[in-house]
Each structure stands twice: as structure tokens, then as C-alpha cells.
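Trainee: Please give me a close look at one part of this model, in plain terms. I would like to know which pieces lie beside each other there, and what is covered.

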Amino acid sequence: MLVQYKRDVKLFSATALLFFMTGIAIVLYLNTPPIEPRERDYIYAGSFYIFTIWIGFGVLAVADMLGKVVKQKKIAAIIASVLCLSIPALIASQTWDDHDRSGRYFSVDSAKNYLSSCAPNAIIFTGGDNDTFPLWYAQEVEGFRRDIRVVVLSYYNTDWYIQQTARKAYESEPLPYSLDIKHYQQGGLNDYLPVFERDELKGNAINAALFLSWLKQENPQLQIQASDWTKYNFIPSSTLFLNVDTAKAKEIVPEDMYENIVDQMILKIKGRSLIKGDLAFLDFLATNNWERPIYLNNTSISQLKLDMRDYIVQEGMAYRVVPARNTDRRNGYPVNTEVMYENVMNKFTWTNLDDPSIYYSPDYLGFVLNSRSTFNILAQDLINESQYEKASDVLKKCLKVMPNESIPYDEFSAQQISMFLEIASYKTGIATDLGTLEEMELAKHIAENVSAWASGWLDVYLSVGQSDGYEMQRKLVVLNEIARAYKANGDKENASKYEALFEEYYTKIESKI
């Protein structure tokens, strides 16, 4: 900076202004929050360009200074280059392993696992960048599962994107809608649909298909005039229903859920309005009539203003919309264990998660650990169905593809202890000559490693005076969960051991508060 300032003030002013506008000014203007879903350095790329120009001028300045001592300019330039290259070399030697992404394939594997969770010719709705771009990569670059249509809810609120979904893409046929594209145009009647409940409809649901036909007819009784004389449609009830062909429903609903099939799906509106994307989803849901499989992920489930949580079943990484009501949401979503077992055990990929030489940053590691939860959900549902051998195979595969050496055991691993012990109890009950059961040994292995992990972190928190008790509470819960697992299994010795460990840290934390 100083070199350029001394040589040419005007050029310095231009580059300094560009540095400010593409860096510091963006920080000030956006008021960037300290926590982001991922690093945002790329938005300051312009300022990095200017910074590298100044670095280059700095190297030249060092060469000029050396040139006053060393008369040969080439030698001065070589010495300056070696001296200045030592700085990035030092930085690289200290931080390369923290930034090295070679060998990490889980982003692509996760996308493929999402797509592999879906039935042929399906549509999967996603929420935003993080859960959509990997899917696009898998389809666009690697040509994987192009029969599936990925629909992004954040784009679904635009007419151009809805129009795109109504066209064929690769092997995916157009999405069917009852409304014409003119009913989705920007600035039209359906950009925003508030709920204004009619007195005669309070507490009652309206027919979704009938409501869509009213919108198509542009029924004036559904229109409200705003203060600027523009008009928009409203919804006369906060609840809609969708009639279901129960015979067709049996083709997609798991057999053990037949008794939960409904002849009407009750769709409650979250909040007091729908936006265009929600309307398009409702239109597709009604028009599709269960011809094409429909899937959601965690993000789209939360973003949709139509509450679909009563009508989804997990089939892997994705959740399928089905006309069968979940009667007990406290236990999570129902699982189609037959389909999910096939997906997890035979279709999903976990490249290099068992390689301890690959570095997984804390944020990326959290992404990976979600898959450990998927294994747990499947294993627990298999146990609930008394399919103990399959549950054991699922848990063992989890330990194989993401072992402690590369993906350290965590809270999800602690949940596996009770499942292994339950499987071991079942085996002991059906055969008395099994000797030392593998499941017992695996439970012990996980308990020892998870307790060491939890107590190690608690020691760190206590030593530095950690004020935020959330992380300490999570680690305490892990220790307590291990103790409870052994207690439920009737293993008094191990239960006492881990109860004592829990009490030890609980007492230490209480004394610090």
C-alpha cells in the first residue's frame, strides 16, 4: 500500500477505493452476522484481488531495497522472492491440514443418498442452497438419477421457476398443475394469499380442489382490494382437505400402515397466509393424484406453510408424502423399514468416511453425523418390529463406514449402546450357547469411547470456566444415557460405573455455577 501510495497517489486512490467498496463496505452494508451456514469469504473476492496487487508491490519493494546492497538485479530479485515466499510457505505448513479437502466426497455421496432414497420418477422438494446444490451436481455433472425432479421452495415463489417445473427436464416429465401459468405470474392475484376465515367456515376445512377451481375462475368473492387499488386472493379457511383414492393409496403406503390410510388429508395452514410456492405445491399435490412419488427433506418440511408432518414416512434420507396419518408424532415419523433398509444397506455410499487421514472440519463433521442418526432411526424401528438381526446389521454397518478413528463417536453413538444391548438380550433369550456376544462387545467399545469423549470435553470446559452450559449439558446427558442403557439391561456393574462418572461431573459443574 505504501509503495503504491508513494509512487502514484491517483492509482492508489482508485485501488484503495475498490478495496474498500468490495470488502469493508460490504461488511458495513450487510451488517454480516457472526454465524453463517458456511464461510462467506467469496463475497469479498474483489478486495482480495486488490490485496494481491499490494502483495506484489511489496515483493518489488523488497527487491528494490536489496538492490541497493546487491548490485545484480537478478540476484536481488531471487533473494526477495525466496524471502517473501517463506511467508505463505510458513502459513501453508501450519494450516494446510485444516483446509485440505482432498479425499472428502461426502457432499456428493449425501446428494446421491438423498436421490437414492426416492422412488423412480419422483419429485423431491428442498429448501435452499445447502441441500439443493449437491443434488444438482449429482444430476447435472454425474448424470445420477435424472428421473427425479428437484424443486427448490425458495425459487418456487417465482413464475419463471414454476414455468420451468412445468417442462420436461432430462428423464423427468413435467409437473402437472390445474392452474395456468398466468395464475402464477408475478404481481398477480396469487403472490400472497392471507387467511380470512368466513364465519360460516370457522372450524371447518374447505375442499382444496374446489378452492383451486375458484382461483382458476378468478372468483371475485375470493378477492380483496388493497389500498393501492390492486387486488389479491385470500383463503376463506385456515384448513383444507384433499380427497384420497384409498385404493390407489394402498399402492404407495406400507402394508403395516394400511389402517392409517385416510379418505381425506387434512392440511392445516401454518401461520395466517400462503405464498405462491405453497399454492403451487398444493396445486401439484391435488393434481398429481399420487401418480408420481413426492418427497420432502427436513428443510422443506419446516419451510412449507402447509403442515405435512402428519402425512410423511421416512424411506432413507428423504421423507415420502403419503395419504396415511401419523397418529403418534411424539415418536417421530413412521419408517418404511423394508424400503429404508434396502436403501441404507445396498444403495447408499459412504466414500472415505472410514479413512482417518482425511480431515473433517467441525461444521462438515456435523453434516456427516446426521447420517449416523439415519442409521439409528432405521435400527430402532427394526428393533420395534422385532427384526433384531437386521437391526444389528444396520448398526454394524454404521460402525464400519464411519468408525471412531475417522468420525469420532458422539451423542448419536451413545444411542447405539442401548440398541446393541437390547439386541444382545434378544439373542441371549433365544440361544444360551452364544458365549460372548459381538453386540455386547460393541456396546462396551462404544461406551468406553463415548464416555472418554464426553468426559474429555467436560474437563476442557471446566478448566477454562465455560460459561455456556449447553455443551456441558449435552455431554452430561451422554454419560447419563450410557448409565441408563446398562441399567435397563440389568448390568449393575457397568450401570454403577457410569452413574458414578455422571455424578462426578455433575457435582463439579454444580460447584462451578
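**From the strands outwards**

Mentor: Ile-123 has Ile-294 in strand 10 as its bridge partner. Helices (H or I, at least four residues) and strands (E, at least two) are DSSP runs, numbered from the N terminus. This is a predicted model, in which local features need pLDDT of at least 70 and side-chain atom pairs count only at pLDDT 80 or more, while totals for chains, interfaces and linings use all residues. Residues are numbered from 1 along each chain as its sequence is written, and side-chain values use heavy atoms, with hydrogens and water left out.

The Ile-123 bridge belongs to the pairing of strand 1 with strand 10 (residues 294–296), which is parallel and has three bridges; two strands pair if DSSP finds at least two bridges between them. Strand 1 is also joined to strand 2 (residues 149–152), by four bridges and again in parallel. Within that second pairing, Val-150 of strand 2 is the residue opposite Ile-124.

Now look at the side chains of strand 1 (residues 123–126). Ile-123 and Phe-125 lie on one side, Ile-124 and Thr-126 on the other, and all four are buried, so both faces of the strand are covered. Buried means under 20% relative accessible area, exposed over 50%, and partly exposed in between (1.4 Å probe, protein chains only).

Strand 8 has another pattern. Its side chains alternate: the face with Met-265 and Leu-267 is buried, whereas Gln-264, Ile-266 and Lys-268 point to the other face and are not buried. This strand belongs to an open sheet of three strands, ordered 4-7-8, with mixed pairing. Strand 4 (206–207) and strand 8 (264–268) are at the edges and each has a single partner strand, so on one side each lacks a neighbour in the sheet. The partner of strand 8 is strand 7 (residues 239–243), and the two run antiparallel, joined by five bridges. The buried residues of strand 8 can be placed in this pairing: Leu-267 is the bridge partner of Leu-240, and Met-265 stands opposite Leu-242.

Next come the helices. Helix 12 has Thr-337, Met-340, Tyr-341, Asn-343, Val-344 and Met-345 among its residues, and these are buried. Their cover includes helix 5 (106–116), strand 11 (312–314), helix 13 and helix 14. The meeting with helix 14 can be given residue by residue: Tyr-341, Val-344 and Met-345 of helix 12 are in contact (heavy atoms within 4.5 Å) with Lys-390, Asp-393, Val-394 and Lys-397 of helix 14.

Helix 13, which is part of that cover, spans residues 362–384 and contains Asn-370. Asn-370 itself is partly exposed, at a relative accessible area of 45%. Its C-alpha atom is 31 Å from that of Tyr-44, a residue 326 places away along the chain.

Beyond helix 14, a loop leads to helix 15 (411–430), and Ser-406 is in this loop. Is Ser-406 buried or exposed? It is buried, with a relative accessible area of 8%. Setting aside neighbours within four places in sequence, Ser-406 touches Leu-353, Asp-354, Asp-355, Pro-356 and Tyr-360.
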